[in-house]
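Hi everyone, thanks for making time for this. I'd like to walk you through a structure that will be new to most of you, so please have a look at it first.

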Amino acid sequence: MSFDLSLIAVSLPKILQGLGLTLNLLAVSTLFGLILAVGILLMRLSRRAWLIWPAKAYIYFFRGTPLLVQLFVIYHGLPQFGFIRQSVLWPLLREPYWCSVIALSLNTAAYVSEILRGGVLGVDKGLIEAGKALGLSKFQRTSRITAPLAVRLALPAYSNEIVSMLKSTALASTVTLMEMTGVARTIVADTFAPYEIFIAATIIYLVLVWIIQTGFTLVETYANRHVRKT
């Protein structure tokens with residue numbers, strides 16, 4: 001079996017044509033997922049059962065089923081219902097881009113909400129009690145003590161989730177979107193050289209992962225600048 005290094009070099013710029021869509025899916029889904037995750041987090045931290053149990057069920061479902069299955073249910077399954085095709089959601093659900101964004105957002109929200117909850121629960125209760133002793137209101141304790149510390153504690157796990165999200169955008173190619181993996185698959189269909197093409201795609205993904213991890217490392221370093229090293 002021959003291995004053509006020149007084909008890897010030639011394929012790199014072609015695969016990069018899908019980089020814009022990959023980053024778009026990552027950014028939009030991450031934003032929507034984070035907003036939804038905060039809402040789920042507030043439900044989980046509530047003392048009301050009618051808020052806690054729906055949040056738990058949501059997290060269990062989206063963490064317990066494969067993202068690919070969730071994407072297929074949204075893209076292929078929902079259009080089977082007539083009331084969906086006649087609803088105001090149909091202009092979105094008939095587009096593979098928005099189906100991908102919805103699936104990615106719903107999935108990451110379940111994981112991020114648990115990451116944030118871990119950060120909140122990791123905040124030293126003594127600091128909260130100190131805030132009460134200083135006369136801070138609940139909002140002030142949350143905004144000035146709990147939230148900043150929880151975010152700092154959650155950053156390492158959240159960076160891993162962003163990396164996971166980047167890799168998950170490749171699933172959008174299964175619903176006809178031409179992000180990087182989708183472009184790579186079309187090149188494979190033309191060249192019949194899957195090894196070289198997907199190695200080229202792997203190189204790009206590895207570079208993107210390095211950029212994301214480096215960026216979060218810098219953010220973590222800045223966030224922990226006041227922490228005394230022992």
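I'll go from the annotation to the core, and then to the empty spaces.

Before we start, please keep in mind that this is a predicted model.

Let's begin with what the record says. An unreviewed UniProt entry annotates residues 19-216 as "domain: ABC transmembrane type-1". In our model, that span is 82% helix and 0% strand, and its end C-alpha atoms lie 20 Å apart.

Towards the end of that stretch, let me point out one residue. Glutamine 213 sits in helix 11, which runs over residues 194-223. Is glutamine 213 buried, exposed or partly exposed? Its relative accessible area is 41%, so glutamine 213 counts as partly exposed. If you'd like a sense of scale, compare glutamine 213 with glycine 77: they are 136 residues apart in sequence, and their C-alpha atoms are 36 Å apart in space.

Now, the inside. The largest nonpolar core has 55 residues. The members that touch the most others are Ile15, Leu25, Tyr58, Leu166, Ile197 and Ile212. Helix 7, residues 96-121, gives the most to this core, with ten residues.

Let's zoom in on isoleucine 15. Which residues does isoleucine 15 contact, leaving aside neighbours within four places in sequence? They are Met180, Val183, Ala184, Ile187, Ile197, Ala200, Ala201 and Ile204. You'll recognise Ile197 from the core list a moment ago.

Next, the empty spaces. Rolling a probe the size of a water molecule over the atoms shows where empty space is left.

The largest pocket has a volume of about 990 Å³. It is lined by 23 residues, and Leu45, Val120, Lys138, Thr142 and Thr146 are the closest to its centre. Which helix supplies the largest share of this lining? That is helix 9, with seven residues. Helix 2, helix 7 and helix 8 each supply at least two as well. By character, the pocket lining divides into 13 nonpolar, three polar and seven charged residues.

There is also one cavity of 30 Å³ or more, with a volume of about 50 Å³. Leu67, Leu71, Ser100, Ala103, Leu104, Ser168, Leu171 and Ala172 line this cavity. Helix 7 turns up again here, giving the largest share with three residues. This lining has six nonpolar residues, two polar and no charged ones.

That's the tour, and thanks for listening!

Technical notes. Residues are numbered from 1 along each chain as its sequence is written. This is a predicted model: local features need pLDDT of at least 70, side-chain atom pairs count only at pLDDT 80 or more; totals for chains, interfaces and linings use all residues. Side-chain values use heavy atoms; hydrogens and water are left out. UniProt positions are given in the numbering used here, feature names are shortened, and annotations may be inferred rather than shown by experiment. Helices (H or I, at least four residues) and strands (E, at least two) are DSSP runs, numbered from the N terminus. Buried means under 20% relative accessible area, exposed over 50%, partly exposed in between (1.4 Å probe, protein chains only). A nonpolar core is a set of buried Ala, Val, Leu, Ile, Met, Phe, Trp, Tyr and Cys residues joined through side-chain atoms within 4.5 Å. Contact means heavy atoms within 4.5 Å. On a 1 Å grid over the protein atoms alone, a cavity is a set of points where a 1.4 Å probe fits but cannot get out, and a pocket is an open set with protein on both sides within 12 Å along at least five of seven lines; lining residues have an atom within 4 Å of a point. Grid points are joined across faces, edges and corners, and a volume is the space filled by probe spheres set on the points. Ala, Val, Leu, Ile, Met, Phe, Trp, Tyr, Cys and Pro count as nonpolar, Asp, Glu, Lys and Arg as charged, and the others, Gly among them, as polar.
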